[in-house]
Amino acid sequence: MKTRITELFGIKHPIIQGGMHFVGFAELAAAVSSAGGLGIITGLTQKTPELLAKEIAKCRDMTDKPFGVNLTFLPSFSAPPYPEYIAAIREGGVKVVETAGRSPEQYMPALKQAGIKVIHKCTSVRHSLKAEKIGCDAVSVDGFECGGHPGEDDIPNMILLPRAADELKIPFVASGGMADARSLVASLAMGAEGMNMGTRFIATKEAPVHDNVKQAILQASELDTRLIMRPIRNTERVLKNTGVDKLLEIEREKGAKTTIQDIHDLVAGVYPRVMLEGDMDAGAWSCGMVAGLIYDIPTVRELIDRIMDEAEKLVRIRLERMLAA
Ligand SMILES: Cc1cc2nc3c(=O)[nH]c(=O)nc-3n(C[C@H](O)[C@H](O)[C@H](O)COP(=O)(O)O)c2cc1C
């Protein structure tokens, strides 16, 4: 399939794997890129720029296809050394960066001078337009359904994607709630040029996480995610567990007075315990409502091939037949 996104990134299929903390290691990124999508290494999961350089080199050994790196821009009081991370990306020859969190404006000159294409993840039309204005090549439009940080506007993709299509000139992918061929065809119909998946890619053979995480996603329904950190305007969609129940209890008690310190132990340092050790009740970890549409643990290639095969059938058989009738 050829879209503005496949052309922009030099990939075969318009499917991107979003950066995921303690999931987006070389093994997953390489598997997605080798299967014709765009795999993304999560930059900040690597504790130092030197470790990121090693992870990039490892990924390069595992695939000869293009892959990207996610850089999540955190509030300035906790900022990692971004210029050094960007240097590691540039020196590693990576040509795509998925930015997220705060605006990448400050780092655009460094990224563009290195010939890097930037796709910024946005949860609103206004942020998407800002990304276009500051020179991003594409955006990943992340609806309210998404795993991770959906922002504070709560606009689901049925509205957000066509709104983005009405306003943007640069291409965008649909993100949040994407699982299968139906997601892809619907996204294309609403004006996107491809799709970005997070949660769906965790439940694959190659995702380098504990099997308990994959089983938890398999068992979860669309009703099992919760929104945390609303009172501090850092909303995150996570999978319900006993740690999250405790956290929500604290938020209920403290209301608008909740501070990050009140919930610190249930959100900080949780990812390695969940993803590497399989301690499923350690605290909050991102997961999308799309868990309700995940029924198996295929290889990444099986997943991507199935999506592309079924997307073709959806268009050529189901939709064509409806038209022909
Ligand atoms: C476990 C997990 C960790 C994530 N970590 C990050 C991250 O570090 N940086 C980021 O930009 N997005 C992160 N995301 C968001 C994904 O990149 C993607 O935007 C999101 O998962 C899309 O929604 P979906 O899960 O419904 O597919 C994470 C998502 C999950 C599920």
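Trainee: At what angle do helix α2 and helix α3 pack, and how far apart are their axes?

Mentor: This is a predicted model, so read what follows as computed from it. For a helix pair, take the angle and the axis separation together. Here α2 (residues 26–34) and α3 (residues 49–62) pack at about 35°, with their axes 9 Å apart.

Trainee: Is the crossing of α2 and α3 left-handed or right-handed?

Mentor: Right-handed, as α2 passes α3.

Trainee: Which residues of α2 and α3 meet?

Mentor: List each side of the contact. From α2 come Ala-26, Glu-27, Ala-29, Ala-30 and Ser-34, and they meet Glu-55, Lys-58, Cys-59 and Met-62 of α3. Sorted by class, that contact has five nonpolar, three charged and one polar residue.

Trainee: On to the ligand. How many residues surround it?

Mentor: Start with the shell, counting residues with a heavy atom within 4 Å. The ligand has 24 residues around it, and Gly-19, Lys-121, Gly-177, Gly-198 and Thr-199 are the closest. By class, the shell holds 14 polar, eight nonpolar and two charged residues.

Trainee: Which helices and strands each supply at least two residues of that shell?

Mentor: Two strands, β3 (67–73) and β8 (195–197), and two helices, α9 (199–202) and α13 (270–276).

Trainee: And which N or O atoms should I look at around the ligand?

Mentor: Check whether backbone or side chain is involved. Backbone N or O atoms of His-21 lie 3.0 Å from a ligand nitrogen, and for Gly-177 the backbone distance to a ligand oxygen is 2.8 Å. With Thr-72, an N or O atom of the side chain is 2.9 Å from a ligand nitrogen.

Trainee: How much of the ligand's accessible area does the protein cover?

Mentor: 93% of the 610 Å² that the ligand has on its own.

Notes: Residues are numbered from 1 along each chain as its sequence is written. This is a predicted model: local features need pLDDT of at least 70, side-chain atom pairs count only at pLDDT 80 or more; totals for chains, interfaces and linings use all residues. Side-chain values use heavy atoms; hydrogens and water are left out. A polar contact is a pair of N or O atoms within 3.5 Å; within protein, one must be able to donate a hydrogen and the other to accept it, and residues adjacent in sequence count only if both atoms are side-chain atoms. Accessible areas come from the Shrake-Rupley method with a 1.4 Å probe; for residues, only the protein chains shown count as cover. Helices (H or I, at least four residues) and strands (E, at least two) are DSSP runs, numbered from the N terminus. Ala, Val, Leu, Ile, Met, Phe, Trp, Tyr, Cys and Pro count as nonpolar, Asp, Glu, Lys and Arg as charged, and the others, Gly among them, as polar. Axes are lines fitted to C-alpha atoms, for helices over the stretch in contact, and angles run from 0 to 180 degrees between N-to-C directions. A crossing is left-handed if the near helix is turned anticlockwise from the far one by less than a right angle, and right-handed if clockwise. Contact means heavy atoms within 4.5 Å.
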